[in-house]
Each structure stands twice: as C-alpha cells, then as structure tokens.
Amino acid sequence: MGSLMSCISGQAPSASPPPVAKRRSSVSSRRGGGGGGAKAVAIDEEALAAAAALVLGQRSSFGGGGGGGGGAFERSASVRYAARRQQQQQGPPLPRSSSTRPRSLADPELHPQQLLAKDLNTKDLETNIIVLVHGGGFGAWCWYKTIALLEDSGFRVNAIDLTGSGIHSYDTNKISSLTQYAEPLTSYLKSLGDNEKVILVGHDFGGACISYAMEMFPSKVAKAVFLCAAMLKNGHSTLDMFQQQMDTNGTLQRAQEFVYSNGKEHPPTAINIEKSLLKDLLFNQSPSKDVSLASVSMRPIPFAPVLEKLVLTEEKYGSVRRFYVETTEDNAIPLHLQQGMCDMNPPEKVLRLKGSDHAPFFSKPQALHKTLVEIATMPPVKAS
C-alpha cells in the first residue's frame, strides 16, 4: 500500500490510474476478454471454493463446528511414506517438508503447556477470551496455528472474518466504510455480556479495525495487541501510515493491483496483491505450505476503509491497555515504520518477534504464542 498516495491524496483522484500499479477496469472485465478471461475466472472460483472448504475443515478440527468436527490435518506424504520407502529399500527417503524440518532456536518447537507457567489457570485471568482479527486480504484461516496453540493452553479463541474476507461472502468492491468492514467484529463485541471482556489481537490493517472497536466498546476490551499492525492516532488513516514509508526496494508498489469496479474515472474499490510477489512481500520467512495456503485463500483488500480517518478519544480508546508486537524481517510494514508508530502513539509495552516476516502466525507461531500468553497473563493495572 506504500504507493496508495499516487492514487489518492486526500482529494478526488485523477482520471489516470497510478503508473506503478497494475490496473483492472473491473472484476467483470475479466469475463469479457475471451476464453482466457473465462478460464481465469473459473480458476479463481475453484481456488476460493477450495480455500473455503479448507477453512471449514480447519474450524471443525479446532472444535468450532457441531458434532466434534474432523481430526487434525494429515501429515505430508514425504513424512507418511518415508519409513515405508526405507523398509522396501527403494532409495533414500523423500525430503521432509519445511514444516517438519528442525526448528531454529528463535522458534523452538514446544508443547503449549511448556509455554505457560506450571501453575497458570487461564480461568483465573482477567479474561481468557482472545479475539483474533486478520489483516488486509487475509481471513480467519491465517490463524489456524495460533488458534490450536491457544486453545490447547486453555484460552477461548474467536477468529473473526471481517466483511468480504475469508469465507464471508460479501463483495469486497461494495465495502464503503470501516464501519461496514469491521461489522463482524463490532457485532461480536456487542453480543458479549455486561461483565465479559476480551483481548483483541489485530494484524496489519486489523490494527485499524481493533482501534475502531476499542473506541466503540472500551469496557469490553481488557487489552489490545497490535501485531505488526496499523496503530493509528486520532484523525489518521491507514493511508497516512503508509505515507511515512519510503519503500526502498519497490516490492510493495510492484505487488499492488488496483481494482476499479466502478470504472477508471472513480477511485479504486479494492486492492489485490500480485500472487507471484506474495512470498517476497508477506511471507519471506514462512513455510512454503503456508504460502500456498495464502495464495489460494487471500482476497482483495477493500479500498474505502484504508482511506478512512479514525476518530479516537482518550476517554474511550485511550482507556484500553495497548501492546505492540514488532516483526524484525517484515517487508510489508518494515521495522522502522512499526517503531515510528510506537514513538508517535506509545503503547504500554513493545515486544519483538525476532526473525519474523509480516505473517508471524506462519513464520514464528510458537514465539507468537508465547508472546500472546505473556500479554494475557499481565495482571490488571491497579487504580491509583
């Protein structure tokens, strides 16, 4: 999004779209360009259907569906058949997938219970409910490792699909405000009981969404965690955040693909990320399996909410405890930009995930889990 200012600068956009981003006149234009366009649409639809089936399978395996759901994912073929191949002396075993190779010291493989204090009972915490809010283009599916780890540790977890994201069926191009985009989150908070509180975790653009929710429901948010996220000040938009960034390698600009579903004479309605650049921009430290999952699951980012300036008050938003989690190998929101936001709008505490890209739930799931548990177990601040 670093080149968004070349498209919108706070005023009406020019008729000519930005030269640095690939352009589409509309989503429907892909259907009218002959056999190739129809084939592309069919492939996209199949990919989304597969992603939806995968997400539903993940949720049932986490216990979110009725009747107990299915079991855990099958292990990769390279693991399941390696021993058999050795017994039959048919050559050396197949190479293991990246998810089963030895972990680095920065993200050791530990059982969830090892990441918690032995005497910790999550029911004794201020709240044991953690709400995970995905970033732009992502969905609840991206948290599948974090969900499993937190639930195994005794937390109650809810991963939200924002409007037009994940398996939420709404057309992204029709989203006209942050209020509309964040509605699944605010509806969930509204449904909580009078004495119920949650910990909000917002990733990427999800930071703007949890900020909006903190302003609306401050009494229902015990803590807010900004995970390499947009942590904005009053009167600022996510676009303003990216204005501060000078993208030195150009990856961010080259990865953007604006969608003009209302015609090129109007502002873009959404932003796509070029799939060939996903790994370099977002997943430069993540396992290949997770990159493949993202490539068939990510959806366009609605453009209107990116432009919207937040109204945040000290009495409401400012009353919620805030924590920021930095990611050191992040190419989408570089570390210096994350640090700049913390300097301008200081949180209670800044934590760091060393070696993490922009998707710590993929690249450093154990370290992320440990960090979230650390924040969850911090005692309430005593009133002075």
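Student: Which residues of β4 are buried on one side, and which on the other?
Tutor: In this predicted model, Val198, Leu200 and Gly202 are buried on one side of β4, and Ile199, Val201 and His203 are buried on the other. Both faces of the strand are therefore covered.

Student: How many residues of β4 are buried in total?
Tutor: Strand β4 covers residues 198-203, and 6 of its 6 residues are buried.

Student: Which strands pair with β4, and in what sense?
Tutor: Strand β2, residues 129-133, pairs with β4 in the parallel sense over 4 bridges. Val131 stands opposite Leu200 of β4 in that pairing. Strand β5, residues 221-227, also runs parallel to β4, and 6 bridges join the two. Within β5, Lys223 is the bridge partner of Ile199.

Student: How does the chain get from β4 to β5?
Tutor: The chain passes through helix α7, and the resulting β-α-β crossover is right-handed.

Student: Why is α7 described as largely enclosed?
Tutor: Helix α7 spans residues 206-216, and 10 of its 11 residues are buried, so the rest of the structure largely encloses it. The buried residues are Gly206, Gly207, Ala208, Cys209, Ile210, Ser211, Tyr212, Ala213, Met214 and Glu215.

Student: Back to Leu200. What does it touch?
Tutor: Setting aside residues up to four places away in sequence, Leu200 touches Val131, Leu185, Leu189, Ile210, Ala213, Met214, Val221, Lys223, Ala224 and Val225. Among these contacts, Ile210, Ala213 and Met214 are buried residues of α7.

Student: And which residues have the most contacts inside the largest nonpolar core?
Tutor: Those residues are Leu185, Leu200 and Phe283, in a core of 93 residues.

Student: A change of topic: where is Pro305, and is it buried or exposed?
Tutor: Pro305 lies in helix α12, residues 304-307. Its relative accessibility is 1%, so Pro305 counts as buried.

Student: What is in contact with Pro305 from elsewhere in the sequence?
Tutor: Apart from neighbours within four places in sequence, Pro305 is in contact with Ile175, Ser177, Leu178, Tyr181 and Phe205. In addition, the C-alpha atoms of Pro305 and Ser176 are 6.9 Å apart, although 129 residues separate the two in sequence.

Student: Last one, Thr327. Where is it, and why does it count as buried?
Tutor: Thr327 belongs to strand β9, residues 321-327. It counts as buried because its relative accessibility is 0%, and the cut-off for buried is under 20%.

Student: What does Thr327 touch?
Tutor: Not counting residues up to four places away in sequence, Thr327 touches Cys228, Leu335, Gln338, Leu353, Ser356, Asp357 and Pro360.

Technical notes:
Residues are numbered from 1 along each chain as its sequence is written. This is a predicted model: local features need pLDDT of at least 70, side-chain atom pairs count only at pLDDT 80 or more; totals for chains, interfaces and linings use all residues. Side-chain values use heavy atoms; hydrogens and water are left out. Buried means under 20% relative accessible area, exposed over 50%, partly exposed in between (1.4 Å probe, protein chains only). Contact means heavy atoms within 4.5 Å. A nonpolar core is a set of buried Ala, Val, Leu, Ile, Met, Phe, Trp, Tyr and Cys residues joined through side-chain atoms within 4.5 Å. Two strands pair if DSSP finds at least two bridges between them. A crossover is right-handed if, with the strands pointing away from the viewer, the path from the first strand over the helix to the second runs clockwise.
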